[in-house]
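Thanks for coming. I have one structure today, and I will keep to the sheet, one helix and some ring pairs.

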Amino acid sequence: FLNADGTTETLSAYTGKVMVIVNTASKCGYTPQYAGLEELYRKFKDKGLVVVAFPSNDYGGQEPGTNKEIAEFCRSKYDVTFPVKGKMPTKGAGKSPLYAALTGEASPFPGEVSWNFEKFVVDRSGKIVARFKSKSAPMSPEVVEAVEKALAP
């Protein structure tokens, strides 16, 4: 996948980490969740959590910016320090391989992403262990519990 700075990377960079993978947008009613995602990241990063944001313009055209503009918005408006990657299609025929794996029939939580800020919790072995719709805030008890469970030895 593409990083915001134009370089490419694979998820193998996060091998051994628990990931919260989230599709994001800068002009969405859920955009303030960036603050909660950052809070979640800061709370658990030393225990092995990484939040990985994949901006998407698939839902109402709510992410019109360039990758550089998106990264700057996240840093300046929400003090985001977790990785914000390049824009990525999350639904439909052109969806990325990552989202095809997260939402495909082989996923334990199949079905298209329905809006921005859906969250997938992936354990250290790469298994998808939880999925939360947009309305679930990053610091809600159910999300925090899923992260803690995935981080447990």
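I will start with the sheet and then move outwards. Keep in mind that this is a predicted model.

The sheet is open and has four strands, in the order β2-β1-β3-β4, with mixed pairing. The edge positions go to β2, residues 49-55, and β4, residues 128-132. Each of these has a single partner strand, so one side of each is left without a neighbour in the sheet. On average, neighbouring strands are turned by 20° against each other, ignoring direction. Helix α4, residues 141-151, packs on the sheet and touches β1, β2, β3 and β4. The direction of α4 makes about 170° with that of β4.

Now to β1, residues 18-24. With β3, residues 119-122, β1 pairs in the antiparallel sense over four bridges. Valine 20 has valine 121 of β3 as its bridge partner, and isoleucine 21 has phenylalanine 120, also in β3. With β2, the pairing of β1 is parallel and runs over seven bridges. There, methionine 19 is matched with valine 50 of β2. The connection from β1 to β2 passes through helix α1, residues 33-44, and this β-α-β crossover is right-handed.

How enclosed is β1 by the rest of the structure? Seven of its seven residues are buried, so β1 is largely enclosed. Val18, Val20, Val22 and Thr24 point one way from the strand, while Met19, Ile21 and Asn23 point the other way, and all are buried.

Next, the crossover helix. α1 has 12 residues and spans 17 Å from its first C-alpha to its last, close to the 16 Å expected at 1.5 Å a residue. Its buried residues are Gln33, Tyr34, Gly36, Leu37, Glu38, Leu40, Tyr41 and Phe44. What do the buried residues of α1 pack against? They pack against β1, β2, α2, β3 and α4.

That leaves the rings. The structure holds eight aromatic pairs, and I will go through two. For each I give two values, because a pair of aromatic rings is described by the distance of the centres and the angle of the planes.

In the first pair I picked, the rings of tyrosine 34 and phenylalanine 73 have centres 6.4 Å apart and planes at 65°. The cut-off for edge-to-face is over 60 degrees, so this pair is edge-to-face. It links distant parts of the chain: tyrosine 34 is in helix α1 and phenylalanine 73 in helix α2, residues 67-78, and the two are 39 residues apart. Tyrosine 34 is buried, with a relative accessible area of 0%. Phenylalanine 73, at 22% relative accessibility, counts as partly exposed.

My other pair is tyrosine 59 with tryptophan 115. Their ring centres are 5.7 Å apart and their planes at 55°, so the pair is tilted. Tyrosine 59 lies in the loop between β2 and α2, and tryptophan 115 in the loop between α3, residues 97-103, and β3, so the pair ties together parts that are 56 residues apart in sequence. Tyrosine 59 counts as buried at 2% relative accessibility, whereas tryptophan 115 is partly exposed at 32%.

One last item on the rings. Tyr34 and Phe73 also belong to one aromatic cluster, together with Tyr78 and Phe117.

That is what I have.

Note on methods
Residues are numbered from 1 along each chain as its sequence is written. This is a predicted model: local features need pLDDT of at least 70, side-chain atom pairs count only at pLDDT 80 or more; totals for chains, interfaces and linings use all residues. Side-chain values use heavy atoms; hydrogens and water are left out. Two strands pair if DSSP finds at least two bridges between them. Axes are lines fitted to C-alpha atoms, for helices over the stretch in contact, and angles run from 0 to 180 degrees between N-to-C directions. Contact means heavy atoms within 4.5 Å. Buried means under 20% relative accessible area, exposed over 50%, partly exposed in between (1.4 Å probe, protein chains only). A crossover is right-handed if, with the strands pointing away from the viewer, the path from the first strand over the helix to the second runs clockwise. Rings of Phe, Tyr and Trp (its six-membered ring) pair if their centres lie within 6.5 Å; planes under 30 degrees apart count as stacked, over 60 as edge-to-face and the rest as tilted. The expected span of a helix is 1.5 Å times one less than its number of residues.
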